[in-house]
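Visitor: I should like to learn how to read the features of a protein model in order. Where should we begin?

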Amino acid sequence: MRVALLNLIGLLLLTGCQTKQAVVPESQQQAWWKEAIVYQIYPRSFQDSNGDGVGDLQGIIDRLDYIESLGINAIWLNPIYPSPNADNGYDVSDYRGIAPEFGDMETFDRLLDELHKRGIKLIMDVVVNHSSDEHPWFIASRSDVNSPYRDYYHWWPASKGTPPYRYSLFDAKGDAWKYDSITDAYYLHYFADKQPDLNWENPALRQEVYDLMKFWAQKGVDGFRLDAFQFAAKDTTFPELPQGYEKNFIQYYAMQPGLHDYLKEMNQQVFAPYGVVSVAEGAGRSFEEAHELVDADRQELQMAYAFDGVDVAKYDGYSLATLKKVFTDWDRSFAEKGWLSIFLSNHDQARLVSRYGNDTPEHRVASIKLLNTFLLTMRGTPYVYYGDELGMTNIGMDRIEEYQDVAAVNGYAKAKFMGEDLDQHMKILAKTSRENGRTPMQWTADAMAGFTEGNPWMKINPNTAFINVQDQVADPSSPLNHFKSLTQLRKKNPVLVYGAYELLAEDHPQVYAYTRTLGEVSCLVVLNFSDQTARWAPIGLSLGAQPWINSADQLTREGKELILAPYQSVVIPLN
Ligand code: NOJ
């Protein structure tokens, strides 16, 4: 006989979660950043306050009530420094300033102060694998071989011949060396040619970087996310690399000798004295390397931000088995030591619900609730990208003229140069481009989404008409309200932060299920990752009476089986 259990989220948040409180053992080394729920804001797209069509810092201040209402306790801001915006701020021309389109230092100070008043920490992006070619260091460096700034970058004199091939991620021809006639030499750029790589072998450059980080730490920022830092150390003899190495360039670019020395030095000068947290974008090429970056006794970085999870989805979808394996393997590797970030989206990816969920009208709401349940019930610090709390979807632009991102524009030029099938290229781009994840925040149903009163810097997704904050605030069963329940649940239950993770139902084709256990407290997370009803019988588990949280109206059981609706997600106490 079918027994339907009512979903009483509100009541259960007050009861179920509080019946037993797990004590966090000392060995877990509690820290605010382990207990944080990070909300990532792409400032350009969050809220425009002055009608110029570009999001800004005052806009974020104006939305602080909303941000606080989410229940998050840290934000990560993508770069807000002055920049020619060849790569939307990842090409910095002044590391101690605020980009005029985002505001000024007084506004930044106010933002930081207002965040702190609300108990929200701020993590800044630090982009020091490379600078902008318009940074004064580079301008001086390129102007004269005898400049004290010459060795802030990597130069290859043309008198030595053509430099050994280096692959560039963003170059229109894939070439990381650019010839500069001023001094008849090539400079290195792993990303676009307007992003010359800094030379970390130079102690003067390193000191400049530590000093600029101290500048922000002294202001009171709480953490740094180190952009592309695993590429910073290089073999500056630039040996020839095996042909075709670019297919696997991370093996050759990441974690080169010297990197750990730089990180230890940075830790001594910045992280330790100022007590700021540091997040490693990219976490090496193996679990061992990730540990070498973030284990506490190494005194380098603190939180690994590894890409394996976000890389599971490809153009044509992903396999649930692989997703389970990747997250489970990482968790196992970090069970005793080290700390992970948990994320499935960011500004470099297409939208979460479109990549890992199902953005059709029928399944969008359930599937984004499922994905957020996953992120907020795993061990590690969850990172939620703005708009994913609503289930914002891909915009899917199909003409290259609509794209602005250097990766898309130069990627298209490169595909053309290589004679690839451009129609197919555009199909893939529409689905996978990171610009899908950069459309303005959808606050209201209006055409301008409540984002701007001007001309938005980037196209607004027309589905703001029915996916927006205003509507979702008013709807108790919206993804937004579900997200808020999840943040409350996680914050009240240390088991969801520190508890051991154990994978169940490993071979189930639809269900991802796991337990989290801390001391005497244990709960079961069951996620139906499919658009079909799923049945699963948890073996040997005595389920507590009521779910802590359930994305559907009810949880159906038939005998020992749970019958899950498409994309249903549920967290059930076990004792
Ligand atoms: C990684 C950043 O996340 C990405 O947005 C940027 O384009 C590259 N690093 C280069 O800075």
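Guide: Let us begin with a definition: a nonpolar core is a set of buried Ala, Val, Leu, Ile, Met, Phe, Trp, Tyr and Cys residues joined through side-chain atoms within 4.5 Å. Please keep in mind throughout that this is a predicted model.

Visitor: How many residues does the largest nonpolar core have, and which have the most contacts inside it?

Guide: The largest nonpolar core has 172 residues, and those with the most contacts inside it are Tyr39, Ile67, Trp200, Phe224 and Tyr512. Helix H7, residues 203-219, gives the most to this core, with seven residues. There is also a second, separate core of 13 residues, which includes Val511, Ala513, Leu555 and Leu574.

Visitor: Let us turn to sheets. In what order do the eight strands of the open sheet stand?

Guide: The order is E10-E9-E8-E4-E3-E2-E12-E11, and the pairing is parallel. At the edges stand strand E10 (303-305) and strand E11 (341-342); each has a single partner strand, so one side of each is left without a neighbour in the sheet.

Visitor: How many bridges pair strand E2 with strand E12?

Guide: Strand E2, residues 38-41, pairs with strand E12, residues 381-385, over three bridges in the parallel sense. Within this pair, Val38 stands opposite Tyr383 in E12.

Visitor: Is strand E15 largely enclosed or left open, and why?

Guide: The idea is to look at burial, for which the cut-off is under 20% relative accessible area. Eight of the eight residues of strand E15 (residues 521-528) are buried, so this strand is largely enclosed by the rest of the structure. Its two faces are both covered: Val521, Cys523, Val525 and Leu527 lie on one side, with Ser522, Leu524, Val526 and Asn528 on the other.

Visitor: Which strands are joined to E15 by bridges?

Guide: Strand E14 (residues 511-518) is joined to E15 by eight bridges, and the two run antiparallel. Leu518 has Val521 as its bridge partner in E15. E14 and E15 form a hairpin with two residues between them, and Gly519 in the turn has a positive phi of about 55 degrees. Strand E20 (residues 569-573) is joined to E15 by five bridges, also running antiparallel, and here Val525 stands opposite Val571.

Visitor: Which strands pair with E7?

Guide: Strand E5, residues 155-157, pairs with E7 in the antiparallel sense over three bridges, and Pro157 stands opposite Ala185. Strand E6, residues 177-180, pairs with E7 in the antiparallel sense over four bridges, with Tyr186 as the bridge partner of Tyr179. Strand E7 itself (residues 185-188) has both faces covered, since Ala185 and Tyr187 on one side and Tyr186 and Leu188 on the other are all buried. E6 and E7 form a hairpin with four residues between them, in whose turn Asp184 has a positive phi of about 55 degrees.

Visitor: What sign of phi do most residues other than glycine have?

Guide: Most residues other than glycine have a negative phi. Two loop residues may be read against that background. Gln29, in the loop between helix H1 (9-14) and helix H2 (32-35), has a positive phi near 45 degrees. Asn85, in the loop between strand E3 (74-77) and helix H5 (105-117), has a positive phi near 65 degrees. Asn85 counts as partly exposed, at 23% relative accessibility.

Visitor: Which residues are around the ligand?

Guide: They are Asp87, Tyr90, His130, Phe170, Phe191, Arg225, Asp227, Glu281, His347, Asp348, Arg434 and Arg438. This shell divides into three nonpolar, two polar and seven charged residues.

Visitor: How should the polar distances to the ligand be read?

Guide: The general idea is to look for N or O atoms within 3.5 Å of each other. An oxygen atom of the ligand is 2.5 Å from a side-chain N or O atom of Asp348, and an oxygen atom of the ligand is 2.7 Å from such an atom of Asp227. For Arg434, a polar side-chain atom lies 3.1 Å from an oxygen atom of the ligand. Taken alone, the ligand exposes 290 Å², of which the protein buries 96%.

Visitor: Finally, with which side chain does Arg535 make a polar contact?

Guide: The side chain of Arg535 makes a polar contact with that of Glu561, at 2.9 Å. Arg535 lies in strand E16 (residues 534-536) and is partly exposed, with a relative accessible area of 38%.

How values were computed. Residues numbered from 1 in each chain as written. Predicted model: local features only at pLDDT ≥ 70, side-chain atom pairs only at ≥ 80, totals over all residues. Heavy atoms only, no water. Buried < 20%, exposed > 50% of the residue type's maximum accessible area, 1.4 Å probe, protein only. Pairing = 2+ DSSP bridges. Near = heavy atom within 4 Å. Polar contact = N/O pair within 3.5 Å; in protein donor to acceptor, adjacent residues only side chain to side chain. Areas by Shrake-Rupley, 256 points an atom, 1.4 Å probe, with all protein chains shown as cover. Nonpolar A, V, L, I, M, F, W, Y, C, P; charged D, E, K, R; others polar.
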